[in-house]
Amino acid sequence: MTELRIEQIEDKQEKGRVARRILEALPAWFAIPQAREQYILDSENQLFLAAWRGEEAAGFLCLKETGRDTAEIAVMGVAPQYRRQGIGRELALAAKKAAVQQGYSFLQVKTVQMGRYPNYDETNLFYLSLGFQEFEVFPALWDPQNPCQIYVMSLI
């Protein structure tokens, strides 16, 4: 198996290409076209980390500032053929390191509350395994069928 390489991408068009390729391959999480397009568009202006196996993008993660002391994992995806190989974990560790280097004290992530959908239960368990802690649930931030769970992690 080709070694995993994580790098920061600066080029906006390359960010969009990588994000589109991976998000379109993950319809269980990114099925709403307008939302998916917004993630892709937003990714072009965020800190963008890509995981590569050889010349193929295996996954990506975007960080955005949500407050003076807080960065958020705004969007993250790992291509289906690369899931369960530790790529998401490596991207999250790289994001944590980047957030510390940029002077943030906290890292946060939003997802659908545990117990709503099996795919999102996997997502919740993934973030908990990284050391994120439950912060708050906003029942109507997105819509009543998708209550927003916020997780946080201290970086200091």
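Which residue forms a salt bridge with R84? Select R84 together with E122: these two residues form the salt bridge, and their closest N and O atoms are 3.3 Å apart. The model on display is a predicted one. R84 sits in the loop between β4 (70–78) and α3 (87–101), whereas E122 belongs to helix α4 (residues 118–129), so the pair ties together parts that are 38 residues apart in sequence. R84 counts as exposed, at 73% relative accessibility, while E122 is partly exposed at 32%.

**Further salt bridges**

The R84–E122 pair belongs to a wider set, as the structure holds 10 salt bridges. Proceed next to R20 and E24, whose side chains meet in a salt bridge with an N to O distance of 3.1 Å. Both residues lie in helix α1 (residues 12–24), 4 residues apart, which is about one turn of the helix. An α-helix has 3.6 residues a turn, so residues three or four places apart point the same way. R20 is partly exposed at 30% relative accessibility, and E24 is likewise partly exposed, with a relative accessible area of 43%.

Remain on helix α1 and select R21, adding E56 to the selection. The side chains of E56 and R21 meet in a salt bridge at 2.6 Å, N to O. E56 lies in strand β3 (residues 56–67) and R21 in helix α1, so this contact ties together parts that are 35 residues apart in sequence. E56 is partly exposed, with a relative accessible area of 29%; R21 is also partly exposed, at 35%.

**Helix α4**

Return to the helix that carries E122, and display residues 118–129. At 1.5 Å a residue, the 12 residues of α4 should span 16 Å, and the end C-alpha atoms are indeed 16 Å apart, which agrees. Which residues of α4 are buried? They are Y120, T123, N124 and Y127. These residues cover an arc of only 100° around the axis, which puts them on the same side of α4. Now rotate the view to the face of α4 turned away from that buried side, where the exposed residues P118 and L125 are found.

Keep L125 selected and add M114 and L128. The three residues form a nonpolar patch on the surface, with about 240 Å² of accessible area together. M114 is placed in the loop between β5 (106–112) and α4. With a relative accessible area of 34%, M114 is partly exposed.

**The cysteines**

For the last stop, select C62 and C148. How many disulfides does the structure contain? The count comes to 0. A disulfide is a covalent bond between the sulfur atoms of two cysteines. The cut-off applied to a pair of cysteine sulfur atoms is within 2.5 Å. The sulfur of C62 is 17 Å from the closest cysteine sulfur, in C148, and is therefore too far for a bond. Viewed from C148, the closest cysteine sulfur is that of C62, again at 17 Å and too far for a bond. Colouring by accessibility completes the view of these two residues: C62 counts as buried at 0% relative accessibility, and C148 is buried as well, with a relative accessible area of 0%.

How values were computed. Residues numbered from 1 in each chain as written. Predicted model: local features only at pLDDT ≥ 70, side-chain atom pairs only at ≥ 80, totals over all residues. Heavy atoms only, no water. Salt bridge = Lys/Arg side-chain N within 4 Å of Asp/Glu carboxyl O. Helix = DSSP H or I, 4+ residues; strand = E, 2+ residues; numbered from the N terminus. Buried < 20%, exposed > 50% of the residue type's maximum accessible area, 1.4 Å probe, protein only. Patch = residues over 30% accessible without salt bridge, like charges linked within 9 Å, V, L, I, M, F, W, Y side chains within 5 Å. Areas by Shrake-Rupley, 256 points an atom, 1.4 Å probe, with all protein chains shown as cover. Expected span 1.5 Å × (residues − 1). Arc of directions from axis to C-beta.
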